[in-house]
Amino acid sequence: MDNSGPKKTCCESIRDFFTSAKFLIYMGHALSTWGDRMWNFAVAVFLVELYGNSLLLTAVYGLVVAGSVLLLGAIIGDWVDRNPRLKVAQTSLLVQNSCVIVCGILLMVVFQFKEQLVELYNGWILTTCYILVISIANIANLASTATSITIQRDWVVVVAGQDSSKLADMNATVRIIDQLTNILAPMLVGQIMAFGSHFIGCGFISGWNLCSMCLEYALLWKVYQKTPALATKAGQKEQQQELKQLSPPKDLENGQSPEESSQPLMNETSVVAKPDSPKQHGCCYQVTEPLRTLKAGWVAYYNQNIFFAGMSLAFLYMTVLGFDCITTGYAYTQGLNGSVLSLLMGASAVSGICGTVAFTWVRKKCGLIRTGFISGVAQLSCLMLCVVSVFTPGSPFDLSVSPFQDLYTHLIGESTLPEADHSLTSILTGGNTTTVAPAEEQPPLQSYMSVSLLFAGVIAARVGLWSFDLTVTQLIQENVIESERGVINGVQNSMNYLLDLLHFIMVILAPNPEAFGLLVIISVSFVAMGHIMYFRFAFKSLGSRLFLCCSPEQKVETVDSPSLPTTV
């Protein structure tokens, strides 16, 4: 090797970094997530404002978004696998930003002419506008899902090459960007709406997405030019030829063998669409193709050796122990005001960033699979504080009060609720009022010990949670063959949304604060089940070596599978 060449200066090294594909990926992701976070925060506020301070439209929007990803996640992932990387990234980028721009303009029209729209055709024009906003916003979210799959789950892997440490660092950096934008973006758009108006807020978001779309498009093209490996999806032609030899078309009509079910969906689709197949010209065959793709995606996900690792991550979504509207609503019933909650959310974000930093350090010391095991133990240990909070002074937990009392009250059609009702339903759905009573007007608590322990456990558990999330993400990246990355990550998103929906249903069935302790116990139980699944995966992969924290040079962490690469 010739070392006689001149060494790079500091300025040249800095220039090379800022023009590298890795940095350009970070820049594009930061722009994308900033716009996403602003829009996700603002659209909820806009829908509440438009519907008279009721959360009905927001709830409908959330249900439509979750249901769409749940049903279409595998199909979106398969579309990502079946098309060139640049085409997928550019198409999803254009569709996502265009839909947000259109939604912003439509909302501006509604805010400006709402009184006139209410009077037209008995309000049906306004209702149509609501439907259009929710539908277009849902399309934007589906396009965002495709962007996330192709950039975070595929492009990042290709840019990192075969360097597992570089991939871990890139994943951690991407997650830190997520955490920071999750704090700063809503603050910015919130200040704009507070000191300006909702009309100005809509215009700002539309303008941001227009500018951001052009910059992201240019950044994607630069990354694509700097990384030639993105132009091809390795092994597709060879795998297709092998599958054609192993599987005659007539056999596909009668069912698939276990060997075929583990092959990439790309290959299955190409075989089914061969000219020799008589079914490809049938109308029914074309109509049912998405259903076959959906089924094949879930089967492929089940057949992965990282199935239990992916399921363990999905189970962590079945929890009320997060900083969402449910936890915020419960905090208000316990006397915490908005100022305290904002500080707690900031502490939670800092804890999440610490988790991403800890991930890279622990992975280097103990290996990837062990990092997930350690993160799971850390998260569960911290969540024990939440379980303890259920039985400490100040907790409203009371098994003598039926958890379905509030639901039953609404179902039987009572027109009024008890005067002292502060149920989560009244806070999350508006109840029989249009505004939420401020925390200062609620009866003072005898002790804040319970709610303090609850949030201490939630915040501390974020370190283990984000470290575990990064572990499973990298396991999927490294152990799923390239031509199946899209569909497997699409199904993983669907599983996450499914468990997230179940946790909202759980709150709807037991909305009163007296039952929140029961929800906490159920949530911790699901988290524990998720980590038990991961332990099964880790022990199967490493055996007794799971408990031996060896150096990176000594560790051998491979997922035993004849059909998947063993790069972990």
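Contact, as I will use the word this morning, means heavy atoms within 4.5 Å, and helices are DSSP runs of H or I with at least four residues, numbered from the N terminus. What you see above is a predicted model, in which local features need pLDDT of at least 70 and side-chain atom pairs count only at pLDDT 80 or more, while totals for chains, interfaces and linings use all residues. Residues are numbered from 1 along each chain as its sequence is written, and side-chain values use heavy atoms, with hydrogens and water left out.

Let me start with helix 8. Ile151, Trp155 and Val159 of helix 6 meet Leu220, Val223 and Tyr224 of helix 8, and by class that contact has six nonpolar, no polar and no charged residues; here Ala, Val, Leu, Ile, Met, Phe, Trp, Tyr, Cys and Pro count as nonpolar, Asp, Glu, Lys and Arg as charged, and the others, Gly among them, as polar. The axes of helix 6 (residues 124-160) and helix 8 (residues 198-226) come within 11 Å and cross at roughly 35 degrees, where axes are lines fitted to C-alpha atoms over the stretch in contact and angles run from 0 to 180 degrees between N-to-C directions. That crossing is left-handed, a term for a near helix turned anticlockwise from the far one by less than a right angle, with right-handed used if clockwise.

Helix 2 (residues 21-50) also passes helix 8 in a left-handed crossing, with axes that come within 9 Å and cross at roughly 160 degrees. The two are therefore roughly antiparallel, the word for angles over 145, whereas under 35 degrees is roughly parallel, 65 to 115 roughly perpendicular and the rest oblique. Their contact has 18 nonpolar, six polar and four charged residues.

How do helix 7 and helix 21 cross, and at roughly what angle? The axes of helix 7 (residues 164-195) and helix 21 (residues 449-479) come within 10 Å and cross at roughly 130 degrees, which makes helix 7 oblique to helix 21. The crossing is right-handed, and the residues in contact include Arg175 of helix 7 and Asp469 of helix 21. By class, this contact has five nonpolar, six polar and three charged residues.

Helix 21 brings me to the last topic, since helix 18 (368-390), helix 21 and helix 23 (516-542) are the elements that each give two or more residues to the lining of the largest cavity. Among the residues closest to the centre of that cavity are Tyr330 and Phe516, and its lining has nine nonpolar, four polar and no charged residues.

Technical notes. On a 1 Å grid over the protein atoms alone, a cavity is a set of points where a 1.4 Å probe fits but cannot get out, and a pocket is an open set with protein on both sides within 12 Å along at least five of seven lines; lining residues have an atom within 4 Å of a point.
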